[in-house]
Amino acid sequence: AADNAVMLLDAAKGLEPQTRKLFEVCRMRQLPLFTFVNKMDRPALTPYEIMDQIEEEFGLETHPILWPIGDGDRFKGVLDR
């Protein structure tokens, strides 16, 4: 049994089919979901685009905890609220 789930998204790919499946399983089981986005140091979707994908497709409200400073070859790190 699980109490929650942690999901990892590739910033360049956004929501993939397996990601969508995991979201649906978590929703069905009413599991809290914490999502990390990695590979921000490569050409990728913006954080806003990734958040929009999650909010529009799953109807979830997103709340970023860390925010990337730059992206792709301009990536410098993250801002920790």
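Is Phe-34 buried, partly exposed or exposed? In this predicted model, Phe-34 has a relative accessibility of 42% and therefore counts as partly exposed. The reasoning rests on two cut-offs, since a residue is buried under 20% and exposed over 50%, with partly exposed in between. The setting of this residue is best approached from the chain as a whole.

The chain contains two helices and four strands. Followed along the sequence, these elements appear in the order β-α-β-α-β-β. The C-alpha atoms occupy a box of roughly 40 × 25 × 20 Å along the principal axes. Among contacts with a separation of 6 or more, 59% join residues that lie 24 or more positions apart.

The surface may be considered next. Buried residues make up 26% of the 81 residues of the chain. The exposed area of the chain is about 6,000 Å², and carbon and sulfur atoms supply 53% of this area. As to charge, there are 10 positive and 14 negative side chains. The centres of these two sets are 5 Å apart.

The aromatic side chains lead back to the opening question. A search of the whole structure yields three aromatic pairs. In the pair of Phe-34 and Phe-36, the ring centres are 5.0 Å apart and the planes meet at 70°, so the arrangement is edge-to-face. The angle decides the class because planes over 60 degrees apart count as edge-to-face. Phe-36, with a relative accessibility of 39%, likewise counts as partly exposed.

Conventions: Residues numbered from 1 in each chain as written. Predicted model: local features only at pLDDT ≥ 70, side-chain atom pairs only at ≥ 80, totals over all residues. Heavy atoms only, no water. Buried < 20%, exposed > 50% of the residue type's maximum accessible area, 1.4 Å probe, protein only. Contact = heavy atoms within 4.5 Å. Areas by Shrake-Rupley, 256 points an atom, 1.4 Å probe, with all protein chains shown as cover. Lys, Arg positive; Asp, Glu negative; His and termini not counted. Charge placed at Lys NZ, Arg CZ, Asp CG, Glu CD. Phe/Tyr/Trp six-rings, centres within 6.5 Å; stacked < 30°, edge-to-face > 60°.
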